[in-house]
Amino acid sequence: MSFINYLINGISLGSVYAIIALGYTMVYGIAKMLNFAHGDVIMIGCYVVFTIVSTLNLPMWLGMILSVVLCTILGITIEAVAYRPLRQASSSLAVLITAIGVSYLLQNVALLIFGANTKSFSSVVTMDPIKLAGGALTIKGETIVTIACCIVIMIALTLFVNKSKAGQAMLAVSEDKGAAQLMGINVNATISLTFAIGSSLAAVAGMLLCSSYPALTPYTGSMPGIKAFVAAVFGGIGSIPGAFIGGILLGIIEILSKSYISSQLADAIVFMVLIVVLVVKPTGILGKKIQEKV
Amino acid sequence: MKNYLVKQKDNLITFGMVIGAYIIVEILMQAGLISSLLKGLLVPLCAYIILAVSLNVTVGILGELSLGHAGFMCVGAFASAFFSQLTKNSISADWLRFTIALIIGFVSAGIIGFLIGMPVLRLKGDYLAIVTLAFGEIIKNIINVLYVGRDSKGLHISIKDAVSLGLEPDGEIIINGAQGITGTPKDSTFTIGVVLILITLFIVLNLIKSRDGRAIMSIRDNVIAAESVGINITKYKLLAFSISAALAGVAGVLYSHNLNSLMATPKNFGYNMSIMILVFVVLGGIGNMRGSIISAVILTLLPELLRGLNDYRMLIYAIVLIVMMLFNWAPAAREYRDKLLSKINFGKKKTVEAVEGGNEDGNN
Amino acid sequence: MATTNPVLEVNNLSISFGGLRAVDDLNITINKGELYGLIGPNGAGKTTAFNLLTGVYKPNEGIVKLDGEDITGKSTIEINKAGIARTFQNIRLFKDLSVLDNVKVGLHNQYEYSTLTSIFRLPKYFKTEKEMDAKAMELLKVFDLDGSANLKASQLPYGKQRKLEIARALATNPKLLLLDEPAAGMNPNETKELMDTISFIRKEFDMTVLLIEHDMKLVAGICERLTVLNFGRVLAEGPTSEVLNNPEVITAYLGE
């Protein structure tokens, strides 16, 4: 029974990674950049909920809505101020380093406002745990909500990208910015929209993450951000189903390694699996092979 | 060759700059004008400079992005500190032990770089970046669970805990898991650090201006064309990557022999460190060794100089970083800057262009 | 005429991409010292044929022999070492290296010294580098590029970049030189000058040249024999004047 429990926990953690990875993969697909600050947007989202609920004693739903709204605005602002001026820069490293700068900035702003002490995050999920198999298997409400959220988001995003006009514009911009512009697509607006979606997903992921793992510090988002990026690469970066599969697999591998092998080596095992996957299939599980034209 | 002479002169300026800075710091130290805090930073600073120059071999000369450079530093640091601990009593001459330690750091990190490079260097761009990041984390994680002890029967290794080493009562633990290595002889000095910087520069600058260096840069500029003229891509990628890793290992030796207690924390050997080094490289100019040195110095000292501002210093650091990147790299900002420069240096326009060109090798 | 000594022998070379036969049953024999043209409309498979010859793609069928040696399926690097050098339709220079260094990369496999020799600056380093410089300058002189030796390759004007690519290819000391649309994007004067250069290097280096070209004038002016490709297949081959008067070829070029 413990194996099933671990597996479910793995899927739950994986769902969080998947939601973050979806944001990562969309931003990467369209802006061709590693947004290192993505993980820190998660952390900011959590602090918003924390402030509204625990400090101001306002209702949870208000905190959740405000968190999503503020993160969305934050994402759009970061892109417009820090990334957009560098879009045509001669080296793609420039925007990567700037993203790192933004990541430091967000962490230190949080550090100044909230301090380095760990804050205890109160769960946004009010669902009671489910007992199965005569009480031998208990599934927490957080776990169920997280998995459900991930599935809903994944389906909604797929539909949005494939069916809506804005989604098609995103695909066009990610293929070829110049051509998209000529077709009358507003490239800047499309990229802003992508960052908005990615950041709002980060807010959702943050709330779910902190509901299951309630310790909140200015560095809370950093490692999950990296892992989610690993998940996105794992599944094939730029691919929405890839991010989903990568996230879930990563979560399962992490929890199972923690439970059966060594909690200290869990991260190392996750990273090793990533390397093996990439060495065997250099563009990830669902990635497209791109050959340079000679 | 005129170009050749210009390059040679350029290299001499770099060496001169390092030596000049060393002399000034030594004089200031004699005069008692350097705070003990700053003194404590000198050896790590030398290590950071070596790291920046060595990472620039991968990023600027080979043109590949690595986010795991701290991992190689970690290998060099632990391998050499382990050796020094082991021979602390048997090799009494400090200089000899430290020289061997340096060689061990260089070789061990170089070998790990080679082994890692072999499977992953065929990956491109951001994929390579994430894999190198992964390797850096793996190395750090493994060292954190590694226990090595010694008694009369020889060495004992475990990845569980210190007890499972099964040491005899008089045995000693050398690597103690997350607590790392304690009591490494403090062999590193500022002078040794500067000498190592000069050696690193000597190796790297000579490599660049050679048959191998040209082959490596041809891969950076155009892989398909390099193959078409018979350049062995794998060989030269591995060569550049291994040398870069080996030199990071040397930085690790310098770093570890300056610490009483060496631990593989996320801060000193994790991806944060790798990223910090990458920031030095990019800010100093990709492919520009002198720039790497200058930015390593400024960015290491900046937070210390801002220490009076306490909580705000890292915030200011972050803002300075973003602003500098925008100012240095945004096409709009560059245009504005060029306009300004040409106005100021109307008569000397030619020289400005020459300097700019020299500094921005490999930007496009 | 040494007609019995083929430098390149291609027998029923074919490759498909997802069901599309990009090159279908290509046969070409080129003799030593010959200047041979490969022409055809856009998308006919000319560059694909070059990529097959240079190992960028592996053929599904067929044999490529260079100077009697079977080089089918070998890697680009091995094929270059065996003696085929090429230029590219969309120029591929080492743009941040100097013009001189671009050629010296081409000389890479003819001059050797170890990594340690370069790091410790042993006498062999200086000796070999000097020889390489001399050889590279000699090649640059042929293309009138010696005055720009210290510029970055990307600073050269377009026409000179094309020439530099040829110089770099020649530096590898090939038996066969493949030129992929060398006159693309050049004005008539530059084209004329290029034709002279190609004729010159063929004589000067006793070089065998296979040339992809769009510009009929250039082809008619310098090539002795031609192969015309259309939809991956050989439409016609033979002496230039014959081929260019072939009604099928004219139709293919002028459209339906």
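The following is a set of questions and answers on how terms are applied to a predicted model.

User: What should be known about the model and its numbering?

Analyst: The model is predicted: local features need pLDDT of at least 70, side-chain atom pairs count only at pLDDT 80 or more, and totals for chains, interfaces and linings use all residues. Residues are numbered from 1 along each chain as its sequence is written, while chains are lettered from A and ligands numbered from 1 in the order in which they are written.

User: How many helices and strands are in chain C, and what counts as one?

Analyst: Chain C has 10 helices and 10 strands. Both are DSSP runs numbered from the N terminus: a helix is H or I with at least four residues, a strand is E with at least two.

User: What makes chain C as compact as a globular protein of its length?

Analyst: The radius of gyration, taken over C-alpha atoms, is set against the globule rule, 2.2 Å times the number of residues to the power 0.38. For the 256 residues of chain C the rule gives 18 Å; the radius of gyration is 19 Å, close to that, so chain C is as compact as a globular protein of that length. Along its principal axes, the C-alpha trace spans about 65 × 40 × 40 Å.

User: How is chain C divided into domains?

Analyst: Domain 1 of chain C takes 6-83 + 174-254, and domain 2 takes 93-156. These bounds come from an automatic or database domain assignment. The C-alpha centres of the two domains lie 29 Å apart.

User: Why is Val99(C) called buried?

Analyst: A residue is buried if 20 or more other C-beta atoms lie within 10 Å of its own, exposed if 12 or fewer, and partly exposed in between, with C-beta atoms placed from the backbone. Val99(C) has 30 other C-beta atoms within 10 Å, so Val99(C) is buried. Val99(C) belongs to helix 3 (residues 99-106) of chain C. Of the 256 residues of chain C, 45% count as buried.

User: Which residues are in contact with Val99(C), leaving aside its neighbours within four places in sequence?

Analyst: Two residues are in contact if their C-beta atoms, placed from the backbone, lie within 7 Å. By that test the partners of Val99(C) include Leu140(C), Leu145(C), Ala149(C) and Leu164(C). Ala149(C) is 50 residues from Val99(C) along the chain, and their C-alpha atoms are separated by 4.9 Å. Across chain C, 65% of the contacts between residues at least 6 apart in sequence join residues at least 24 apart.

User: Which strands of the six-stranded sheet in chain C stand at the edges, and why?

Analyst: Two strands pair if DSSP finds at least two bridges between them. The sheet is open, with the order 6-7-8-3-9-10 and mixed pairing. Strand 6 (84-86) and strand 10 (233-239) each have a single partner strand, so one side of each is left without a neighbour in the sheet.

User: How do you know that strand 6 and strand 7 of chain C pair?

Analyst: Strand 6 and strand 7 (residues 176-180) of chain C share three bridges in the parallel sense, and the cut-off is at least two. Ile84(C) has Leu176(C) as its bridge partner in strand 7. Strand 7 is also joined to strand 8 of chain C, by five bridges, and these two run parallel. There Leu176(C) has Thr208(C) as its bridge partner.

User: What makes strand 8 of chain C largely enclosed?

Analyst: Six of the six residues of strand 8 are buried, so strand 8 is largely enclosed by the rest of the structure. Thr208(C), Leu210(C) and Ile212(C) are buried on one side, and Val209(C), Leu211(C) and Glu213(C) on the other. Strand 8 also pairs with strand 3 of chain C in the parallel sense over five bridges, where Leu35(C) has Val209(C) as its bridge partner.

User: Why is helix 7 of chain B called mostly covered?

Analyst: In helix 7 (residues 211-221) of chain B, 11 of its 11 residues are buried. Among them are Arg211(B), Ile216(B) and Asp221(B). The buried residues pack against elements including helix 2 (36-62) of chain B and helix 3 of chain C.
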